[in-house]
Amino acid sequence: MSTVLRRLRALRGVTLREVDAKTGISNAYLSQLEKGGATNPSPHLLRKLADFYEVPYESLLEAAGYLRPTTASEGSGRVSALQAALMSAKLSDEEQAKVAEFIEFLRMPRSSRNES
Amino acid sequence: MGTRFGSLVARPSSEASIAEVAERLLRRAGVAGRVPTDVDALIASSQLVDVVDPAPFLEGFLARLSAEAKDVFTSAWEKLRGIADLRTRAIYVPASTKVRQTLFVKAHELGHQVLPWQQVNMAYWDDGHSLSPEVTELFDQEANLFAADVIFQGKRFLHRARQYVPTFDAVFSLADEHGASRHSTLWRFVEEQDELVAAATYWPSRYTFDREGLPVLWLGKLVGSPRFKARFGTLELPSELSPNHPWVAARNLGSVCEGDVTLVEVGGQTQFQWHSWWNQYSLFVMLRRKPRLSLVGRIIKP
């Protein structure tokens, strides 16, 4: 994360104070992030930095370790369906799998739902 | 056994950004300052989402499942309060007779759809990426905060809450005014107070019993006013309550109870007034540092 942020700022040729002025993130905190002294920046700050540096937000989420390739055992299709549909409930793995199926069912066009 | 107050109380660092998004939406929908908040108007104004009752789709879906799978799905369905599908921009909220709960769920799911940093490019999902569990949980906390911001109209609630003496009567009155649940009003009410006030919830355990074999209640959520958090970070609250603890009398009597209690902190102890209330599922306790002069029987501050 720190390397990515240092590189992005160098490419834009801006100072920490300029990033601070444009994003509202304090230059002291930005400095800590770039030095690796601060870890786990909140996603809402990463979104501001992504907009400022004009890079995909997801690339910063990935650099921070918040977005990762799904392992085979997690079932990529299921996780994909679930995470693109944030739910308000704590469910078991088995229950999550069934809800993921239901979400995919809801996304089907009406004709496909009737056929299946 | 006690739990330090400061160890459980936290709000997401995105709090100010969430408040900005909520306020912008309230103004754009023309409902700023009007309670109860018309959440449907907010959804319409966001021009991003549809609210759908998923019930009509259930029959068709269940017909595809085996008997065993139906049981699993039904169990999940009973726990599910709502779904925000970021792919289709739809919000699924089961129709319910609990109007206040439905209002909160709609606002929560709307939060998932409108908080800009919760929008992750769909290509990443299709590519088989997933969010870490910590971020998923954070997004849920943020959506809760967004829901409270729109239902309680952001900082407008602060002025309203500070007109009241911290009691459950005040909480119930404000809940009715805002069309909100009593427990969500309690959290917001306490967080907006300018005096030393905190609230805790205790959940009955199904598996832990006291020496007399009676089920204990476990400390769950804790919130405090800004001054309380600053002053009483090391205050120790009971982690569990036996059924004969004075606070639990609210459950046994079916009414709000109150009294005084002395709690310890690093370097001393402080006397508090407590009020407890049982909502049929959980016990809620409000603590207020005992004022030198008590104005008994008043709800509105003089």
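The following exercises, with worked solutions, concern a predicted model.

**Exercise 1. Classify the ring pair A:Phe52 and A:Tyr53, and describe its surroundings.**

Step 1. Over all chains, the structure holds 19 aromatic pairs.

Step 2. For A:Phe52 and A:Tyr53, the ring centres are 5.1 Å apart and the planes stand at 65°. Planes over 60 degrees apart count as edge-to-face, so this pair is edge-to-face.

Step 3. A:Phe52 has a relative accessible area of 12% and is therefore buried. A:Tyr53, at 6%, is likewise classed as buried; the cut-off for this class is under 20%.

Step 4. A charged group also meets the ring of A:Phe52: the charged end of A:Arg12 sits over it, 4.5 Å from the ring centre.

**Exercise 2. Determine which parts of chain B the pair B:Phe61 and B:Phe73 ties together.**

Step 1. The ring centres of B:Phe61 and B:Phe73 lie 4.9 Å apart with planes at 65°, so the geometry is edge-to-face.

Step 2. B:Phe61 belongs to helix H3 (residues 55–62) of chain B, and B:Phe73 to helix H4 (residues 67–79) of chain B; the pair therefore ties together parts 12 residues apart in sequence.

Step 3. Both B:Phe61 and B:Phe73 are buried.

Step 4. These two residues belong to one aromatic cluster, formed by A:Phe102, A:Phe105, B:Phe61, B:Phe73 and B:Trp77.

**Exercise 3. Characterise the interface of chain A and chain B.**

Step 1. The contact draws 42 residues from chain A and 51 residues from chain B.

Step 2. About 4100 Å² is buried between the chains, 62% of it on carbon and sulfur atoms.

Step 3. Two salt bridges are counted between chain A and chain B. In a salt bridge, the side chains of A:Arg107 and B:Asp85 meet at 2.7 Å, N to O.

Step 4. Seven residue pairs across the interface are in polar contact, both residues being at pLDDT 80 or more.

Step 5. Elements giving two or more residues to the side of chain A that touches chain B include helix H4 (43–53) and helix H7 (93–107) of chain A. The largest share of that side, 10 residues, comes from H7(A).

**Exercise 4. Establish how salt bridges link parts of chain B that are apart in sequence.**

Step 1. The structure holds 18 salt bridges over all chains.

Step 2. One of them joins the side chains of B:Glu23 and B:Arg156 at 2.7 Å, N to O. B:Glu23 lies in helix H1 (residues 15–28) of chain B and B:Arg156 in helix H8 (residues 156–161) of chain B, so the pair ties together parts 133 residues apart in sequence. B:Arg156 is partly exposed, at 29% relative accessibility.

Step 3. B:Lys106 and B:Asp40 also meet in a salt bridge, at 2.9 Å, N to O. Since B:Lys106 is in helix H5 (residues 99–114) of chain B and B:Asp40 in helix H2 (residues 39–46) of chain B, parts 66 residues apart in sequence are tied together. B:Lys106 is buried at 17% relative accessible area, whereas B:Asp40 is partly exposed at 44%.

Step 4. B:Asp149, B:Lys155, B:Arg188 and B:Glu192 are linked in a network of salt bridges.

**Exercise 5. Describe the environment of B:Ala200.**

Step 1. B:Ala200 is found in strand S6 (residues 197–209) of chain B.

Step 2. With a relative accessible area of 2%, B:Ala200 is buried.

Step 3. Leaving aside residues up to four places away in sequence, B:Ala200 touches residues including B:Trp187, B:Leu219, B:Leu237 and B:Phe284.

Step 4. B:Ala200 and B:Leu219 are 19 residues apart along the chain, and their C-alpha atoms are separated by 7.2 Å.

Key. Residues numbered from 1 in each chain as written. Chains lettered and ligands numbered in written order. Predicted model: local features only at pLDDT ≥ 70, side-chain atom pairs only at ≥ 80, totals over all residues. Heavy atoms only, no water. Phe/Tyr/Trp six-rings, centres within 6.5 Å; stacked < 30°, edge-to-face > 60°. Buried < 20%, exposed > 50% of the residue type's maximum accessible area, 1.4 Å probe, protein only. Helix = DSSP H or I, 4+ residues; strand = E, 2+ residues; numbered from the N terminus. Lys NZ or Arg CZ within 6 Å of the ring centre and 35° of its normal. Contact = heavy atoms within 4.5 Å. Buried area = accessible area lost by both parts, 1.4 Å probe. Salt bridge = Lys/Arg side-chain N within 4 Å of Asp/Glu carboxyl O. Polar contact = N/O pair within 3.5 Å; in protein donor to acceptor, adjacent residues only side chain to side chain.
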